[in-house]
Amino acid sequence: MSDNKQHKMESMIAQACHYIDEVTGGISPPLQLSTTYSRNQDHEYVGNYSYSRADNPSWEVLEKVCAELDGGAEAKCFASGMAAVCAFFETVNSGEHVVAPRIMYHGSQDWLRRIAEKRSIGLSLFDAGDIEDLRRTVQPGKTSVVWIETPINPTWEVIDIALAAEIAHQAGAILAVDSTVASPVTTRALEFGADIVFHSATKYLNGHSDVVAGILVTAKQDDRWEEIKLVRTLTGGVLGPFEAWLLLRGMRTLFLRFDKASQSALRLAQYFEGHQRLQRVLYPGLESHPGHEIAKRQMTQGFGGMLSLLVDGGADEARRITGKTRLFVRATSLGGVESLIEHRAAVEGPHSEVPQNLLRLSIGIENCQDLIDDLEQSLK
Ligand SMILES: *Cc1c(COP(=O)(O)O)cnc(C)c1O
């Protein structure tokens, strides 16, 4: 991505596509709470709207901004990230085959396992650290969807999107990318050949830990996309007007927040790498990280605000450390302005493949030295 394009994106999002309300001149869109829209005497709708599960003026600016951000043909918002994930997988038919990483966001994988079982959909998992394993796992002519996530929660392994797209397309499948952790600031997955990009907008896009929302962006408007839109209307996983409004407001500062979080996360990762109380620091911005070379190519504006620490010891030691933080908040989720810490295996439950000594950190926008000091005193 050229710097020029980056500048354009920053300007575009700060002004929400240069939004100006046609009626009032307001520079923030109005909040339309109506669920239904009236017809004139000829029984025709007065405006372009009928009923708020089907079409909703509150989504329009938001969806336009999201499509612009990822360079897609169209974007659609949903009631949560998982509502978007579910709508997407509704388009997979019985008998088809889906490929996904072995370690990935647990909610998406739980859903995939459930539909695979209930609807006779084939599901194969591949090792995210080995792209050749993806090549071996796809079944040409049978695999319809390759779903990847990069960087992957919570090891931050990086998958080469361009290569994954090539492998998926050669097998006759589409590539869908969960780009929640990278955000469109640093990775525009469609530009690397992905067909659909997904964001849990609950995370970086909103950024203030006060909205649950999901976004899908498509490279082109095809039959699958039409089906996704239909599924949203029929199953009703729609975003409320106020949430849409808040999300758009949060997104205006996306670049500022993401830049700050990226810079601090890199500094933290470098500071704590080799720390005597830690076995390892997992962060794609570190040269020691196995995905670093791909990350340098694919994460064009920083390596993001997510990192994990493998502490010296097991689950008890990991939990003891989280118990001592004073600034880091003990909570799940990511991408907000507040820095969070969690013992990930405990969050994912007994089936989790996440190491017991892994602490997941989401870096916010606090003073970086304060964050370093807090972790240092917690590790003691
Ligand atoms: C949070 C998250 C999701 C799910 O999104 P919700 O908004 O919580 O429904 C999916 N993928 C990743 C990587 C996430 O972090």
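**A five-stranded sheet and its surroundings**

His 343 has Leu 359 as its bridge partner in strand 12. Helices (H or I, at least four residues) and strands (E, at least two) are DSSP runs, numbered from the N terminus. The model is predicted, so that local features need pLDDT of at least 70 and side-chain atom pairs count only at pLDDT 80 or more, while totals for chains, interfaces and linings use all residues. Residues are numbered from 1 along each chain as its sequence is written, and side-chain values use heavy atoms, with hydrogens and water left out.

The bridge from His 343 to Leu 359 belongs to the pairing of strand 11 (residues 340-343) with strand 12, which is antiparallel and has four bridges. Two strands pair if DSSP finds at least two bridges between them. Strand 12 also pairs with strand 9, again in the antiparallel sense, over five bridges. Here Ser 308 is matched with Arg 360 of strand 12. Ser 308 is also the bridge partner, in strand 9, of Leu 282. That second link is part of the antiparallel pairing of strand 8 with strand 9 (residues 306-311), which is made by four bridges.

Put together, these pairings belong to an open sheet of five strands, ordered 8-9-12-11-10, with mixed pairing. Strand 8 and strand 10 (329-330) are the edges, each paired on one side only.

How many residues of strand 12 (residues 358-362) are buried? Five of the five are, so strand 12 is largely enclosed by the rest of the structure. Buried means under 20% relative accessible area, exposed over 50%, and partly exposed in between (1.4 Å probe, protein chains only). In a regular strand the side chains alternate between the two faces of the sheet. Strand 12 is covered on both faces: Leu 358, Arg 360 and Ser 362 are buried on one side, and Leu 359 and Leu 361 on the other.

At the edge, Leu 278 lies in strand 8 (residues 278-282). Leu 278 counts as buried because its relative accessibility is 9%. Beyond its neighbours within four places in sequence, Leu 278 is in contact (heavy atoms within 4.5 Å) with Phe 272, Leu 309, Leu 310, Val 311, Asp 312 and Leu 379. Leu 278 and Gly 313 are 35 residues apart in sequence, and their C-alpha atoms are 8.6 Å apart in space.

The loop between strand 10 and strand 11 holds Ser 333, which has a positive phi of about 85 degrees although it is not a glycine. Ser 333 counts as partly exposed because its relative accessibility is 27%. Ser 120 also has a positive phi, near 50 degrees, and sits in the loop between helix 4 (106-118) and strand 3 (122-126). With a relative accessibility of 54%, Ser 120 counts as exposed.

Two cis peptide bonds can be described next. One runs from Thr 150 to Pro 151, with omega near -15 degrees; another joins Asn 153 and Pro 154, with omega about -5 degrees. Pro 151 is in the loop between strand 4 (143-149) and helix 6 (161-170), and Pro 154 is placed in the loop between strand 4 and helix 6 as well.

The model has zero disulfides, a disulfide being a pair of cysteine sulfur atoms within 2.5 Å. Cys 17 is in no disulfide, and the nearest cysteine sulfur, that of Cys 66, is 9.4 Å away. Why does Cys 66 form no bond with Cys 77? The sulfur of Cys 77 is the closest cysteine sulfur to that of Cys 66, but at 7.7 Å it is too far for a bond. Cys 66 counts as buried, at 3% relative accessibility.

Empty space remains to be described. On a 1 Å grid over the protein atoms alone, a cavity is a set of points where a 1.4 Å probe fits but cannot get out, and a pocket is an open set with protein on both sides within 12 Å along at least five of seven lines; lining residues have an atom within 4 Å of a point. Grid points are joined across faces, edges and corners, and a volume is the space filled by probe spheres set on the points.

The largest pocket holds about 480 Å³ of space. It is lined by 23 residues, of which Tyr 19, Asp 21, Pro 30, Glu 60 and Val 61 are the closest to its centre. Helix 2 (57-70) and helix 9 (241-251) are the elements that give two or more residues to this lining, and helix 2 gives the largest share, six residues. By class, the lining of the largest pocket has 16 nonpolar, three polar and four charged residues. Ala, Val, Leu, Ile, Met, Phe, Trp, Tyr, Cys and Pro count as nonpolar, Asp, Glu, Lys and Arg as charged, and the others, Gly among them, as polar.

There is one cavity of 30 Å³ or more. The largest cavity has a volume of about 40 Å³, and its lining residues include Tyr 204, Arg 257, Val 337 and Ile 363. By class, this lining has five nonpolar, four polar and one charged residues.
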